[in-house]
Amino acid sequence: MRISDLKTNFPTPDGIVRAVDTIDLSIRDTETFGLIGETGCGKTVLGLTIMRLLHPAATMEGEIIYKGKNLLEASEAEMRTIRGREIAIILQNPTTSLNPVMRVGEQIAEAIRLHQGLNKKDAAAKAVEMLDAVRIPSPSQRANEYPHEFSGGMKQRVMIAMGLACNPSFIIADEPTKGLDVTIKAQIVELMKEMTERKAMLLITHDLSVARELCDRIALMYAGELVEYAPLKGIFESPLHPYTRGFLGSLPERGLVPIPGMSPSLIDFPDGCRFHPRCEHATEVCRREHPELVEFNAGHFVRCHHARS
Amino acid sequence: MKTHKTALTTLVFAALICAACMAFSASALAGEDGVATTDSDKIVKSVGGEPGKSDWRFPAPFTFYPRGPGYVRMSLLFDTLTWKDANGVIPALANGWKVSDDGKTWTFYLNTDARWHDGEPFTASDVKFTIEYMQEQEGAFKWFESIDYIESVEIVDDYTIIISLNEPMASFLVDIAGNIPIIPEHIWSGVSDPSKFTDDDAVIGTGPMKLVEYSSAEGAYHYEANYDYYNGKPIVDEFITMAVSNAAASLTNGDVDEATFWGSDVDAVNDFVGDDDFEIITGPSFWVLQIIFNCDADKGYPTNNVTFRRAVAYGIDREEIVEQKLGGGGMVANTGILHPDAIWYNPDCEGYEYDVTAANAMLDSLGFIDTNSDGIREYPAGGDLKFTLYTTSTYLREGELIQAQLEKIGIAIELTPSDWTTIDSYLKAADFDMAISGHGGIANPQIMNLPDWPASTYDSEEYNSLFKEQEVTLDIDDRKDLVNQLQELVAEDLPVYTLYHPYIWCVFNPEVLDTWFYTRDGICIGIPIELNKLIFLARYGDANENGKINMQDVTAIERMIMELDDPTDMADANKDENINMLDVTCVELTILGRAPIRCE
Amino acid sequence: MTRMKVNDVLGSLGLGILAILVVVAIFAPQIAPYDPHHTYKRMERPSSEHLLGTNDIGNDILSEVIYGTRVSLFIAFMVSITAITIGTSLGLIAGYSGGVAEFMIMRIVDIFLTIPRLVLIIVIAAFMPRSIWNLIAVFIIFGWVMTARIVRSEVLTLRNQYYVESARMLGGSNLYILWRHILPNVIPLVVVQFIMEAGHVIVAEAGLSFLGLGDPVARSWGTTFHYAFECPTLYTSDVWMWWMLPPGLCIVATVLGFTFVGYALEERLNPKLKTVVGMEI
Amino acid sequence: MNLINKLAYYLVIILIILSINFFLPRAMPGDQLAYLIGENPDMPTRMTDEEREVLLAHYGLDKPLSEQYLDYLVGISRGDLGWSIYRSAPVLEVILVRLKWTMLLTGTSTVIYLLLGIFLGAESAWARGNKKDTWSLISILTVSSLPVFFLGILLKIFFGAELDIFPLDGAKTTCASYANPLEGVLDILHHLVLPAATLVIAHIGGTYLLMRNSMLSVLGADYILSARAKGLSERYILNRHAIKNALLPIVTMAALMVGFMITGTIFVEKVFTYPGIGLLLYDSVMCRDYPLLQGLFLIIAISVVIANFIADMTYIWLDPRVREE
């Protein structure tokens, strides 16, 4: 998958929200690509843009090439054959993302019926299989239960089963570990690792520890644009961007040092570098000029005027 | 777009299913079929009243609603000994009668052809049974309880009967003989609680109509003709009287063929004037609206003062009320209560023509002066001259007009709408100032028992003795004199002040039936309704069998005598089984309003 | 974007209608061409003299409708202000004190909400003498219920808010907390309820008067409508146009005014809160 | 609240309604006797104290209040709603004759207005923000502010009197005799159109707005996004995921709507002289037929309670979350 020059905008009464602003990246066939950023930086929007699941009022520019096809130009009908079958998304908040009045098994089976043309019975059996695969105990019984009967971790497993039901080759996982306690989180991470071994995955998270477990490459997103993007090692061992460094610094083992300030609104960006109001290294040029994303090392891109220093 | 189309299809489908369900349940409701009819049947539909006011209950003699319309609906099924037409009393189950000189013994000669609807013959024993049954079941027959006057009934032979009275009764021929529906002994002898007896058998009478269906919910009565009727030939096959919310609209679009209007309905009636599709006949309503004063000696001050009552009478512009409320659809009432079209009417009662000056002078003389110039007079002891005027919501408009008028002579009125039960209890307890109320029956002097109702606070010995005297006075002129005195006394004393008599109209489609008429002094004891069973009949003498006896019938009989036309059943006016000049004479006498009553 | 605009337009439209009605009600004697009780030639068609003709006893219909505004608005105002006060107080008590009081109040509320109120009002009206005050009393008896319920649930959420908690910890008396911290937050809801209730009462009063259960002496729009409905030529002539339509449209306009204002206020004050719009008639 | 609690709660409500019914006439100022037996055309216009005593005894009104109350409850439990002196018939019988018409009228219009309101509301929410949505919102707000009686009369004047395409009054042609059942059905449907249309138009607003709001919030829900992400079609999502969730608030309001509906029926039946229990209620008010009035109130209140109960059950059936508890 190759994304180039992608821009996603929303009109709102207060102005145009530029949620995704000129993003270029490519994800290889079996790699797991982590997209990391604070809440409200536009990372979920990127996921939804790929799936073309945004509000009709949203405008998208650029290209998302998947298997030789530009998804932004695909018709709605084409997209429906791609969603769930080719590209699946595991949405955040399993509690609200599962239909409360539909049996869990059916929520998995409906996609199977649709994409794999199985009949009701076989699809139901396949759904049970999926539940089993995500390690839900007594899956055939639980398939007939409703979401509220599942615990948070179990729901997340259901979400994973739902996403993987039709064996998609590309998976977008949006905050799969949000709101889970540490042990459950570890189990889910383990499960994800196992389930997506041979697939391409875009992992959207603000949790670096999860990213470290799962990802091959990581990109950091700030205020709608990518600020740094490199293989796992590059990010953790030699972070270039002050934002990345700040982000790493907020990890528990590094002392939980928060980044000062607030992320800007996606409507009204500061001139120059978007991070400069929060950056301790900011200089005059940062206030004036918007830095470009440049390749600093092989495969290690960064958007900072002072990356070298 | 596509989703919309599917949605639309779904909706249409749902609507279809829905319609099917409706149709199914509707078919369940449509199950109650009436009689099978053919196109040639003549069906007459008439407005029986407004919805909610047209259920006059099951039309059997002991269950009908004891008001005029209830009686009339029963009377289509049950005959009485005598009946009335446009000219007065005529024979019914009794062909003729005679009365002894003391007025206490009445002999009736009964019709030998009359049969009950179930085919059983009618005989004298049915009459005896009826009267004795009603005396036995005291209070079961609720219409004009005068049966107590009868001392005994004696069968002479199957078709002759003698009724003896306790004391002479001036109005016997109408109030009893023309009132009590004769019921079949073979059915009712086994009925112990007549007020609950509503089987099919309960409506078997001798009348010109048979009951097909009675619907309490719709206030509808469906009759079919009794082709075996003894006293004429039905000219309609079915008759339906039903409730409609707006008679003018239903008449106009042909839902009904006849409707009654009265009083302020004049606007609707005027719309039919000049409409060729409809004919209008006007009748006397025998109905009066009046103000009742509290005449109680203790609680009624100042309305117990006759001068004050006269002042109020002068202060009320009855002409204006007739004009504004009725739109001219009525007349200023006889202050003596009885209707000008009634034979008992006294034209010489004091009229109290609107006279503010006279009213003011009278009030001044009583010491009610407007001392603080607020437009309202004060009592000599102080306090506004202010009264409560009770009325039912039906007569609020009249109340509003009176309120405005009395204000001009310095009397303040607080208009208090209430229901009749409550007002009645106030009247009985003498706990009121004035009240507006209306009633019918004012062709019959018996209605003038004012101290009984509604003026229960009026206590005049002179009045009471006059009333009692007229009740037993047989000589019509003597009685009339007494009734005249009663009326003058009311006009003078004003326990009630009459306001107006509304007009009543019958608007009908003559294409369907054109025999509607108003009965002389009202049906039976004075019901001012056009639904006299005679409208459905071609009677003997009605040679062309069109329901009307007029000069055309004379010509018709003459042509039959000359054998120019074939004789008809009804051409035999005197029922002697010959068609000859006697029948012509008989018809001519009928037209002149002097139908021969066979007295032997 | 359009949504907000629509709300504003509806809101100001509603306010405009209500303002006109209030002005008409206050200045009825100046605006009405005639005394509504004075009689002229009856059943006149509209003319330059009588713009809406005259009624069955010759009153000028236009004047009657103008004076009717007074009656209808008076009833609506009296009922709403009292019912809302009662409802708010009971809602505050139930929500804030909890316990037996809350249980009792809320059960009564449940029962009142279960029984169709206009049916019960009709039944009660059948037993009572027809007067405007009785009518107001009956409406008040049923009018407080919804307010009490809404206020109570709002109080329940407010009660646990930080500032209320802290005020309580600082030793604020209950009355003080209710008055200073809770009431001001409840007021917007109460205003919406007031508006809604007034609309309901206008329609309910008109409905009762139409059935002949109102106070027939006080000529509200419903009463005028009632007499027009009784007119024998209602369906066979054009009288409905000038006799029935004006009071009917006045009722509709008033209700619309209240609905629009209520809807706009509701969207603005509390977009999450949705009540069923629509009247019980 | 579990089922037993619910049932107990409704029993209490019914008991309270019964009590209101019992105490109302006894608490009102005025003549108790008149209130309890209604206007009686047979009653002598003047009653002596003795006659009064006899009547009071006849109706058991001379007993202590508690005993009367007990008698009353026992009577009700036997299905004895009393005797209408005005109509000279048992109250229950009078009501049952009329009930079928009201059921046909309200049943038909409820089904139509619910379907139509749900459909339009869902459509409007689907097209949120569009001109179409705005206009249907405004027009439906406007239409629903028409009082039922006003709307009914306007329809009656236009379609009944002016155009003369629908009958003015009644539920069927009075005393008509039909050649075949189909004719009868058509006649009844013909009479049903205007009253049902009035009820539908007058009540559609509530359902529409509720459905629109509820649908709007459902459409924004995560599980809808989740369903889209599965590649499901819009129509499938609407039918299988959105509708059921969006219906939940409608079911909650259903009981309240039944109350509205009954009120509306009184007016519609009055305007169109539809011989159901609404018109009967009106008539019994006008005739001061208090026993019948009370019987009607009881029947209506109990049907509303039953409707509440059914709504609760439906909610439980629709929402598994509630079912568990």
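Among contacts in chain B of this predicted model that link residues at least 6 apart in sequence, 69% join residues at least 24 apart. Of the 600 residues of chain B, 52% count as buried. As for secondary structure, chain B holds 16 helices and 20 strands.

What about the overall dimensions of chain B? Taken along the principal axes, the C-alpha atoms of chain B fill a box of roughly 100 × 85 × 50 Å. The radius of gyration of chain B is 28 Å, and this agrees with a compact globule because such a globule of 600 residues would have a value near 25 Å.

Now let's look at how the chains meet. Which chains share the most contacts? Among the 5 pairs of chains that touch, chains B and D have the most contacts. Chain A and chain B, on the other hand, are joined by no contact, and their closest C-alpha atoms lie 13 Å apart.

Chains C and D make another meeting place to explore. Here chain C brings 37 residues to the contact and chain D brings 44 residues. On the side of chain C that touches chain D, five stretches each supply at least two residues: helix H1 (2-26), helix H4 (99-114), helix H5 (117-127), helix H9 (174-210) and helix H11 (239-269) of chain C. Which of them gives the most? That is H11(C), with 8 residues. By residue type, the side of chain C that touches chain D divides into 28 nonpolar, 6 polar and 3 charged residues.

Chain D also has a contact within itself. The domain assignment of chain D gives domain 1 (2-90) and domain 2 (92-324), and the C-alpha centres of these two domains of chain D lie 33 Å apart. Where the two touch, 21 residues come from domain 1 of chain D and 19 residues from domain 2 of chain D. On the domain 1 side, helix H1 (3-27), helix H2 (32-37), strand S1 (83-84) and strand S2 (89-90) of chain D each give two or more residues. H1(D) gives the most to this side of domain 1, with 7 residues.

The table sets out the residue types on two of the contact sides described above.

| Contact side | Nonpolar | Polar | Charged |
|---|---|---|---|
| Chain C, touching chain D | 28 residues | 6 residues | 3 residues |
| Domain 1 of chain D, touching domain 2 of chain D | 13 residues | 5 residues | 3 residues |

How values were computed:
Residues are numbered from 1 along each chain as its sequence is written. Chains are lettered from A and ligands numbered from 1 in the order in which they are written. This is a predicted model: local features need pLDDT of at least 70, side-chain atom pairs count only at pLDDT 80 or more; totals for chains, interfaces and linings use all residues. Two residues are in contact if their C-beta atoms, placed from the backbone, lie within 7 Å. Helices (H or I, at least four residues) and strands (E, at least two) are DSSP runs, numbered from the N terminus. Ala, Val, Leu, Ile, Met, Phe, Trp, Tyr, Cys and Pro count as nonpolar, Asp, Glu, Lys and Arg as charged, and the others, Gly among them, as polar. The radius of gyration is taken over C-alpha atoms; the globule rule is 2.2 Å times the number of residues to the power 0.38. A residue is buried if 20 or more other C-beta atoms lie within 10 Å of its own, exposed if 12 or fewer, and partly exposed in between; C-beta atoms are placed from the backbone. Domain bounds come from an automatic or database domain assignment.
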